[in-house]
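Here's a quick briefing to read alongside the coordinates. Have the viewer open and follow along topic by topic.

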Amino acid sequence: MLIDTHSHIYAEEFDLDRDETISRAKAAGVEHIVLPNIDSSSIERLSSLAKSDAEYFSVANGLHPTSVGAGYKAELEYIYSDATFAMLPNVVAIGEIGMDLYWDDTYQDEQKYVLDFQLSYAQEKGFPVIIHCRNAFSQIMDVMSAGDRNGLTGVFHCFSEDYEAAKRVVDMGFYIGVGGVLTYKKSLLPDVVSRIPLSAVLLETDSPYLAPVPHRGKRNESSFLTSVAEKLSLVLARDCSEICEITTMNAKKLFGLLR
Ligand SMILES: [Zn+2]
């Protein structure tokens, strides 16, 4: 069994065949899916999918760094309102949050402020965080180390940094999110995962993005997570069943799914 710890299957890319996509995920052995939010415009879609099967889906609520712009204060107010939390079943994490300086660094200071706000919220409420990091590892680490983050944990999703960075993440007690990128040529991830403990690895798709080989370039979906597990099994020379079992346990531990 597998857990897809990061999927945007509530996105419009799945409007025509969402039920079939979920059936394929279940048939492929994906027992649970975590749905991270983007911003105020995605809450309703996220909420209605999560409510449609409260056993199968968990939710992360948060403001994505690429949605941080001039209106970030209103976004934070909406996302962290009681009314928004009341709309969302099974909130298990704050996410996705972080910094993204790849597309646009205009709002770098605002991204830092928003990340700090959300880390503090998660810490106060006892939620793990789902971190999105693109071209911003040192900036994120600056924000993380600026405050007292005692007890805070989470995952750096879709990890794309090198081993040294991964070691810092794991030493903080955070997990490394591994998805389709593991299967790409030139990826640093095979080196990274072979040098960190498997107990620090979570599997994810980030669907509809970043489909693994042999589906690369197509819309990604949770059933493709088996390709990631198989590749990890090859890289680590361990049984695929063992990979699935351990990474599933890791996800259950982080997100409190052992209920
Ligand atoms: Zn995402």
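What follows covers the overall fold, the strands and their crossovers, the metal site and the cysteines.

Keep in mind that this is a predicted model. The chain has ten helices and eight strands. Its radius of gyration is 17 Å, close to the 18 Å that the globule rule gives for 259 residues, so the chain is as compact as a globular protein of that length.

**Overall size and burial**

- Along the principal axes, the C-alpha atoms fill a box of roughly 45 × 40 × 35 Å.
- Burial is at 56% of the 259 residues of the chain.

**Strands 4 and 5**

- Strand 4 (residues 91–100) runs parallel to strand 5, and five bridges join the two.
- If you want a register marker here, Gly98 stands opposite His132 in strand 5.
- The connection goes by way of helix 5 (residues 108–125), and together strand 4, helix 5 and strand 5 make a right-handed β-α-β unit.
- How enclosed is strand 5? Five of its six residues are buried, so strand 5 is largely enclosed by the rest of the structure.

**Strands 5 and 6**

- Strand 5 (residues 129–134) also pairs with strand 6, in the parallel sense and over four bridges.
- Two register markers help on this side: Val129 stands opposite Gly154 in strand 6, and His132 stands opposite His157.
- That puts His132 across from Gly98 on one neighbouring strand and across from His157 on another.
- Helix 6 (residues 137–146) makes a right-handed β-α-β unit with strand 5 and strand 6.
- Strand 6 (residues 154–157) is covered on both faces: Gly154 and Phe156 are buried on one side, Val155 and His157 on the other.
- As background, side chains in a regular strand alternate between the two faces of the sheet.

**Strands 6, 7 and 8**

- Strand 6 and strand 7 (residues 175–178) pair in the parallel sense over two bridges, with Val155 opposite Tyr175.
- Helix 7 (residues 163–171) is the helical part of the right-handed β-α-β unit made with strand 6 and strand 7.
- From strand 7, Tyr175 and Gly177 point one way while Ile176 and Val178 point the other, and all of them are buried.
- Strand 7 then pairs with strand 8, again in the parallel sense, over three bridges, and Gly177 sits opposite Leu202.
- To get from strand 7 to strand 8, the chain passes through helix 8 (residues 189–195), and this β-α-β crossover is right-handed.

**The zinc site**

- Which protein atoms act as donors of the zinc ion? They are His6 (NE2), His8 (NE2), Glu96 (OE) and Asp206 (OD), lying 2.0 to 2.7 Å from the ion.
- In sequence, the donor residues follow the spacing H-x1-H-x87-E-x109-D.
- Glu96 lies in strand 4 and Asp206 in the loop between strand 8 (201–203) and helix 9 (225–236), so this pair ties together parts that are 110 residues apart in sequence.
- Both Glu96 and Asp206 are buried.
- Why is the arrangement irregular? The four donor atoms subtend angles of 89 to 177° around the zinc ion, which makes the arrangement irregular.
- For reference, the ideal angle for four tetrahedral donors at a metal is 109.5 degrees.

**Cysteines**

- How many disulfides are there? The count comes to zero disulfides, with the cut-off for a sulfur pair set at within 2.5 Å.
- Cys133 has its closest cysteine sulfur in Cys158, 11 Å from its own sulfur, which is too far for a bond.
- Cys133 counts as buried, because its relative accessibility is 10%.
- For Cys244, the closest cysteine sulfur is in Cys240 at 4.3 Å, and that is too far for a bond as well.
- Cys244 is buried too, with a relative accessible area of 11%.

Notes: Residues numbered from 1 in each chain as written. Predicted model: local features only at pLDDT ≥ 70, side-chain atom pairs only at ≥ 80, totals over all residues. Heavy atoms only, no water. Buried < 20%, exposed > 50% of the residue type's maximum accessible area, 1.4 Å probe, protein only. Pairing = 2+ DSSP bridges. Right-handed = clockwise from strand over helix to strand, strands pointing away. Donors = N, O, S within 2.8 Å, 3.2 Å for Na, K, Ca; no water. Tetrahedral: all angles 85-135°; square planar, octahedral: opposite > 155°, others 65-115°. Rg over C-alpha atoms; globule rule 2.2 N^0.38 Å.
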